[in-house]
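Good morning, colleagues. I should like to take you through one structure, beginning with its interior and ending with a few backbone details.

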Amino acid sequence: MKLRTIAILGTILVAGSLSAQTQTDVINEFNEGVANVNNQEYELSIGHFNQVLSLAEVVGDSANELKEKAELQIPLAYYRQATLFLKRKQFDNAIPYLEQTIEFSKLYNNNEESSKKAGKYLLQSYMREGQRNFKNKSYEVAIGYYDKALAMKEDLYQAHQGKGLIFLDQDEPDMMLEEFNLAKEGAMARNDTKTITAINNVIDSYYNKFITEEMEMVDPEDNDYTYVIEACENALTANPENPRALYHLALVNNKMIEYDAAANYALKALQFESEPVWISAINFELGHAYQNSVEYDKACEALKKVVEEPFLTRAEKKMSSIPGCN
């Protein structure tokens with residue numbers, strides 16, 4: 001919506017009067033600002049409206065009305081300029097104008113509606129810029145944006161999730177877990193199980209690679225699983241529901257002839273595993289543990305649930321040696 005300019009009354013143009021001349025300047029500056037707004041030249045309009053405020057201080061009370069009109073226009077101009085950048089998805093450019101919309105709305109105690117809208121878009125822009133800079137590996141910049149988002153909304157758990165991913169990339173597990181735990185707490189409060197699952201999957205992937213490395217380094221003639229167990233315990237400290245860590249504990253406990261412990265770890269692993277091949281792997285270890293504990297019915301039941309290779313062939317061979325397991 002176009003703004004109206006302010007008409008200059010002939011009565012104020014008194015020759016030789018400094019105050020009249022200054023009042024004229026105030027009006028002219030305001031009209032220039034209005035013209036800029038109507039042309040969508042919002043940055044230029046801000047300069048003119050600020051000049052109105054400066055000149056109004058010189059003129060005094062007679063310029064108060066124009067001063068108030070300029071104060072009303074300044075936050076709007078910042079907001080309108082911000083929306084131009086938002087439409088182009090230039091969030092980094094929009095951010096300072098959104099910030100200034102809020103700042104000047106508070107300063108002049110006006111434009112509450114625009115300030116609320118600016119706050120909403122500002123929060124979104126901080127998050128978008130955090131994500132963009134994370135993808136570009138500008139980690140410190142990304143953290144700065146996430147921290148700004150959290151300063152606006154301390155329960156914004158997605159910002160903690162973003163920071164956790166940064167620390168993951170930087171191989172900082174303690175800081176990663178701190179941020180991920182905060183994110184999971186926030187997600188749990190909102191019943192956002194999708195986010196919790198996504199975070200746990202990231203945590204598991206980070207720790208599971210260490211378990212795999214330690215398994216590959218076990219000397220077949222020594223069979224010392226100390227470091228494998230340590231890697232599994234570290235993984236479970238980070239996420240007690242890590243099914244692969246529980247599976248490997250079942251595996252190594254079977255190898256160490258600790259069949260009760262192996263069965264317990266396998267049963268826990270089955271609670272959290274979703275991939276068919278790994279479910280078969282866990283059931284094979286469970287069946288093996290029960291068979292060696294002479295719990296043949298349970299062993300047979302577990303082994304019959306093994307349906308994926310390479311575990312199926314091994315399970316069938318075991319079942320053939322269990323009495324009554326057809």
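**The nonpolar core**

In this predicted model, the largest nonpolar core holds 94 residues, and within that core Leu98 and Tyr207 touch the most other members. The biggest contribution to this core is made by helix H3, residues 64-87, which supplies 10 residues.

Which residues does leucine 98 touch, if we leave aside those up to four places away in sequence? The partners are Tyr79, Ala82, Leu86, Ala118, Tyr121, Leu122 and Ser125.

**Overall form**

Let me now turn to the protein as a whole. Its secondary structure comprises 15 helices and 0 strands. For 326 residues, a compact globule would have a radius of gyration near 20 Å, but here the value is 34 Å. Along the principal axes, the C-alpha atoms fill a box of roughly 115 × 35 × 25 Å.

How much of the protein is buried? Buried residues account for 46% of the 326 residues. As for contacts between residues at least 6 apart in sequence, 51% of them join residues at least 24 apart.

**Surface and charge**

The exposed surface of the protein comes to about 18100 Å², and carbon and sulfur atoms supply 49% of that area. The protein carries 32 positive and 50 negative charges, and the mean positions of these two sets lie 9 Å apart.

**Backbone details**

I close with three places in the loops. The first topic is a peptide bond: glutamate 309 and proline 310 are joined in the cis form, with omega at about 10 degrees. Proline 310 belongs to the loop that connects helix H14 (296-303) with helix H15 (311-319).

The other two concern phi. Asparagine 223 is a residue other than glycine with a positive phi, near 55 degrees. This asparagine 223 sits in the loop between helix H9 (193-216) and helix H10 (226-238). Is asparagine 223 buried or exposed? With a relative accessible area of 40%, asparagine 223 is partly exposed.

Isoleucine 257 likewise has a positive phi, near 60 degrees, in a residue other than glycine. The loop in question for isoleucine 257 runs between helix H11 (243-255) and helix H12 (259-272). The relative accessible area of isoleucine 257 is 57%, and the cut-off for exposed is over 50%, so isoleucine 257 counts as exposed.

Thank you for your attention.

Note on methods: Residues are numbered from 1 along each chain as its sequence is written. This is a predicted model: local features need pLDDT of at least 70, side-chain atom pairs count only at pLDDT 80 or more; totals for chains, interfaces and linings use all residues. Side-chain values use heavy atoms; hydrogens and water are left out. A nonpolar core is a set of buried Ala, Val, Leu, Ile, Met, Phe, Trp, Tyr and Cys residues joined through side-chain atoms within 4.5 Å. Buried means under 20% relative accessible area, exposed over 50%, partly exposed in between (1.4 Å probe, protein chains only). Helices (H or I, at least four residues) and strands (E, at least two) are DSSP runs, numbered from the N terminus. Contact means heavy atoms within 4.5 Å. The radius of gyration is taken over C-alpha atoms; the globule rule is 2.2 Å times the number of residues to the power 0.38. Accessible areas come from the Shrake-Rupley method with a 1.4 Å probe; for residues, only the protein chains shown count as cover. Lys and Arg count as positive and Asp and Glu as negative; His and the chain ends are not counted. The place of a charge is taken as NZ of Lys, CZ of Arg, CG of Asp or CD of Glu.
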